[in-house]
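Here is a note on the model you sent round. Please read it with the coordinates open.

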2 protein chains.
Amino acid sequence: MLGRKLTGRLVGEGRLGNADVRALTLADVLEPAAYPHFRGEITRKIVDLSVPGTALELVASRPDVIFHLAAVVSGEAEADFSKGYRTNLDGTRLLFEAIRQTGANDSYHPRVIFASSIAVFGEPLPDVISDNFVCTPLTSYGTQKAICELLLADYSRRGFFDGIGMRLPTICIRPGLPNRAASGFFSSILREPLVGLEAVLPVSDDVRHWFASPRAGVGFLVHAACIDLTSLGTRRTLSLPGVSATVGDQLAALRRIGGDKALRLIRREPDETIKRIVENWPRTLDPKRALALGFRAESSFDEIIRAHIEDELGGVVA
Amino acid sequence: MLGRKLTGRLVGEGRLGNADVRALTLADVLEPAAYPHFRGEITRKIVDLSVPGTALELVASRPDVIFHLAAVVSGEAEADFSKGYRTNLDGTRLLFEAIRQTGANDSYHPRVIFASSIAVFGEPLPDVISDNFVCTPLTSYGTQKAICELLLADYSRRGFFDGIGMRLPTICIRPGLPNRAASGFFSSILREPLVGLEAVLPVSDDVRHWFASPRAGVGFLVHAACIDLTSLGTRRTLSLPGVSATVGDQLAALRRIGGDKALRLIRREPDETIKRIVENWPRTLDPKRALALGFRAESSFDEIIRAHIEDELGGVVA
């Protein structure tokens, strides 16, 4: 989802920082969208990065910037242990190795932007998580992300590429259909009522979590591609800014923007399984390093909802 | 080194906690020592754990307890990038996978004791490192250890084995010859003078670091094999207790035990490379969780030196 939005922005603007976007390679397990209006060269590939050799072929064109946003989401990585490790860990490692091997005899040294997740954190957690807090993931997905953060730092330290990892907040409001993530309801309780549809709320109003809009997410990726990373030193992954909000805060913002009729579309159906999962998630972060580097998210849930209405609903609330 | 000492203790006592040691499998890249006096069954294997299939063969005998102390040390993992990852990461992962596959259709669920390292920590560091401090290793070796800690936690959480990782302090006084670790001088400045030999000191007296004796190291491993791990929850790796001491503290203890004649055998030869490496190392830890679980190290460097004299020098100082 973020990949598509990022591509849309790169194609639309034709620029990334101070540079023209001359060529794009889009690689995904599903067929990537077409961008017939893009003036540069575009290559679309259906690939499984965990198949040896695949990453080497992808990197052969020596891209200056590589966005790595894969892959198997938390629910699926939990349900299929081997698939999660193969895709999320082996796939990433093969990509990093491909870059190292491609540049082994010359100065090839691309910027690598790796999308990590706040799923690297797990209970017991403090109310506010600092940049120095230990990663103790409670899912295989979070474990795979934390491992890739370590690999990214080591490959960067060794000079194989210029890497930056970013622990994205939970992206909300996700457009489109639910995926298998347990976090799905955080989006659907806003997305559905804004277009006159019912939505199920499986947890209580006091559940607190950490959010940013898809628009902010794309902004993070673009910013990460453009800034000087020298000040990162050897700590290559950042916790990113976001909005700390309870479900109650979300609903209050929904009411301010969509009115009581939107709120009446919420159906409360407590789900103990989702409750137990979500209770273990980070509530608030203190992303000092990312803020110092100029990363910015929304400052309220009203702003997150308005971004959704502008970007997904043509500015109109049902 | 610790593996040999641990085996010596297990063979000597014939017990591990409340259980008899009925069978031992010793696996190493070099031929393991023979223990002709051991009354149980002993199997010695020369193996490369990173060769697929090797770990499965090792685990086929379904040991109740697996000590994994490998492998390539920091200097070598830094000099040979691929070898470090192959041995320290792939070897460990293949071992964990072999246990998972061996127990896939039954209740096999061994205790796995993994030797990690304080090399998982890297500057900028606080003066005292808490159990909640982030792992940001500054070497490939430390990266590989941190990754294996994450795997250990996930495999344990998923119920494939009952794992405990332990960040061993720098083991001092290491017996025998120096290895390729940059920490070698911490041992040699005590080990050599105690037997009338010269030793080179490459850093200044105010360098502080975190230590435990080989005897304490073996004690950690045995304790980890015997205790109930329920209270670990999902955080499966512990920072272990140790002695925080400066080089000056070490030399003062050497003088108290070996006299001025021992101190005169120290030759100061500042080495900027070693100084830069060691400056980035942890100085003091606050291992609350390990202490609560009953792990104990020495309480002074005098005690560390005396353990060396008893265990390696037959109780006699030259």
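The points below go from the overall fold of one chain to its sheets, and then to the pairing of the two chains.

1. Status of the model. This is a predicted model, and the remarks that follow should be read on that footing.

2. Overall dimensions of chain A. The radius of gyration of chain A is 20 Å; a compact globule of 318 residues would have a value near 20 Å, so the two agree. Along the principal axes, the C-alpha atoms of chain A occupy a box of roughly 65 × 45 × 40 Å.

3. Composition and packing of chain A. The chain contains 11 helices and 15 strands. Of its 318 residues, 45% are buried. Among contacts in chain A with a separation of 6 or more, 76% are between residues 24 or more positions apart.

4. The parallel sheet of chain A. Four strands make an open sheet in the order β5-β6-β8-β12 (chain A), and their pairing is parallel. Its edge strands, each paired on one side only, are β5 (65-68) and β12 (237-239) of chain A. On average, neighbouring strands of this sheet are turned by 20° against each other, direction ignored.

5. Register at one edge of that sheet. How many bridges link β8 of chain A to β12(A)? Strand β8 (residues 162-168) of chain A pairs with β12(A) over 3 bridges, in the parallel sense. Arg167(A) has Ser239(A) as its bridge partner in β12(A).

6. A helix against the sheet. Helix α5 (residues 140-157) of chain A lies across three strands of chain A, namely β6 (111-117), β8 and β12. The angle at which α5 runs to β6(A) is about 155°. Helix α5(A) returns in the discussion of the interface below.

7. The mixed sheet, described in chain B. Here 3 strands form an open sheet with mixed pairing, in the order β9-β11-β13 (chain B). The edges are β9 (170-171) and β13 (243-246) of chain B, each of which pairs on one side only. Strand β11 (residues 208-212) of chain B runs antiparallel to β13(B), and 4 bridges join them. One of the residues involved is Arg208(B), whose bridge partner in β13(B) is Thr246(B).

8. Gly219(B). Is this residue buried, exposed or partly exposed? Gly219(B) sits in helix α7 (residues 214-226) of chain B. Gly219(B) counts as partly exposed because 17 other C-beta atoms lie within 10 Å, whereas a buried residue needs 20 or more and an exposed one has 12 or fewer. Glu123(B) lies 96 residues from Gly219(B) in sequence, and the C-alpha to C-alpha distance between them is 29 Å.

9. The contact between the chains. Chain A contributes 18 residues to the contact and chain B contributes 18 residues. On the side of chain A that touches chain B, the largest share comes from α5(A), with 7 residues. By class, that side of chain A has 9 nonpolar, 6 polar and 3 charged residues.

10. Symmetry. A turn of 180° with a shift of 0.0 Å along the axis lays chain A on chain B with an RMSD of 0.0 Å. That is the relation of a two-fold axis. Both copies use the same surface: 100% of the contact residues of chain A recur in chain B. Which residue of chain A comes closest to the rotation axis? It is Val134(A), whose C-alpha is at 1.9 Å.

Definitions and conventions
Residues numbered from 1 in each chain as written. Chains lettered and ligands numbered in written order. Predicted model: local features only at pLDDT ≥ 70, side-chain atom pairs only at ≥ 80, totals over all residues. Helix = DSSP H or I, 4+ residues; strand = E, 2+ residues; numbered from the N terminus. Rg over C-alpha atoms; globule rule 2.2 N^0.38 Å. Contact = placed C-beta atoms within 7 Å. Pairing = 2+ DSSP bridges. Axes fitted to C-alpha atoms, helices over the stretch in contact; angles between N-to-C directions. Nonpolar A, V, L, I, M, F, W, Y, C, P; charged D, E, K, R; others polar. Least-squares fit on C-alpha atoms with pLDDT ≥ 70 in both.
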